[in-house]
Amino acid sequence: SAAWACAQSLLNDVVKGRSPRQQLAPVKEACRIIGAAVEAVVNTGKGLDEKRAEVGADEVLPAITWVVIQANPPGLAGVLWHLEHYTNQQSDLMRGEEGFCLANLLAAVQFA
């Protein structure tokens, strides 16, 4: 689907960033797209009056792993290593949604 292809393209853009903020922006957007796609799949066939299932890391992590494998972005592991080791872990950049997305992407890359 277009969502998966878009997420793959965004992961390829991670290595183009010149700063941690520029590198994390496509990671965050890819995670949002993947999360929305997983939620759509999980809730396929449910009517408007039915309770929609929410998705979390347990559902999203396998999808992120699949997208990483499909995208196979050159240089991604090096960028992630740099972000993990040289970005202040207490900064706002590493908290919240960006930190959650980075943690999931690191786990996916380690698995893949």
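This briefing covers the internal cavity, the salt bridges, helix α5 and the surroundings of Trp 66. The structure is a predicted model, and a search of the whole of it finds one cavity of 30 Å³ or more along with four salt bridges. Helix α2, residues 20-42, recurs in several of the points below, since it gives the most to the lining of the largest cavity, holds both Glu 29 and Arg 32, and is included in what covers the buried residues of α5.

**The cavity**

- The largest cavity encloses about 30 Å³ of space, and the residues that line this cavity are Leu 11, Val 27, Ala 30, Cys 31, Ile 34, Ile 64 and Leu 105.
- Helix α2 gives the most to this lining, with four residues.
- In character the lining of the largest cavity divides into seven nonpolar residues, with no polar and no charged ones.
- Leu 105 belongs to the lining of the largest cavity and is also one of the buried residues of helix α5.

**Salt bridges**

- Side chains of opposite charge can pair when their charged atoms come close.
- Lys 16 forms a salt bridge with Asp 13, and the closest N and O atoms of this pair are 3.2 Å apart; Lys 16 counts as exposed, at 59% relative accessibility, whereas Asp 13 is partly exposed, with a relative accessible area of 27%.
- Glu 98 forms a salt bridge with Lys 28, the closest N and O atoms again lying 3.2 Å apart. This pair links distant parts of the chain, with Glu 98 in helix α5 and Lys 28 in helix α2, 70 residues apart.
- The two partners of that bridge fall into separate accessibility classes, with Glu 98 among the buried residues of α5 and Lys 28 counted as partly exposed at 21% relative accessibility.
- Glu 29 forms a salt bridge with Arg 32, in which the closest N and O atoms are 4.0 Å apart. Both residues lie in helix α2, three residues apart, which is about one turn of the helix.
- An α-helix has 3.6 residues a turn, so residues three or four places apart point the same way.
- Both members of this pair count as partly exposed, Glu 29 at 36% relative accessibility and Arg 32 at 42%.
- Glu 29 and Arg 32 are also linked with Glu 97 in a network of salt bridges.

**Helix α5**

- Helix α5, residues 96-111, has 16 residues and reaches 23 Å from its first C-alpha to its last, which is close to the 22 Å expected at 1.5 Å a residue.
- The buried residues in α5 are Glu 98, Gly 99, Cys 101, Leu 102, Asn 104, Leu 105, Leu 106 and Ala 108.
- What covers these buried residues includes α1 (2-13), α2, α3 (57-71) and α4 (76-86).

**Trp 66 and its surroundings**

- Trp 66 has its place in helix α3 and is partly exposed, with a relative accessible area of 39%.
- Once its neighbours within four places in sequence are left aside, Trp 66 is in contact with Trp 4 and Gln 8.
- Trp 66 and Asn 12 are 54 residues apart in sequence, and their C-alpha atoms are 14 Å apart in space.

How values were computed. Residues are numbered from 1 along each chain as its sequence is written. This is a predicted model: local features need pLDDT of at least 70, side-chain atom pairs count only at pLDDT 80 or more; totals for chains, interfaces and linings use all residues. Side-chain values use heavy atoms; hydrogens and water are left out. On a 1 Å grid over the protein atoms alone, a cavity is a set of points where a 1.4 Å probe fits but cannot get out, and a pocket is an open set with protein on both sides within 12 Å along at least five of seven lines; lining residues have an atom within 4 Å of a point. Grid points are joined across faces, edges and corners, and a volume is the space filled by probe spheres set on the points. Helices (H or I, at least four residues) and strands (E, at least two) are DSSP runs, numbered from the N terminus. Ala, Val, Leu, Ile, Met, Phe, Trp, Tyr, Cys and Pro count as nonpolar, Asp, Glu, Lys and Arg as charged, and the others, Gly among them, as polar. A salt bridge is a side-chain nitrogen of Lys or Arg within 4 Å of a carboxyl oxygen of Asp or Glu. Buried means under 20% relative accessible area, exposed over 50%, partly exposed in between (1.4 Å probe, protein chains only). The expected span of a helix is 1.5 Å times one less than its number of residues. Contact means heavy atoms within 4.5 Å.
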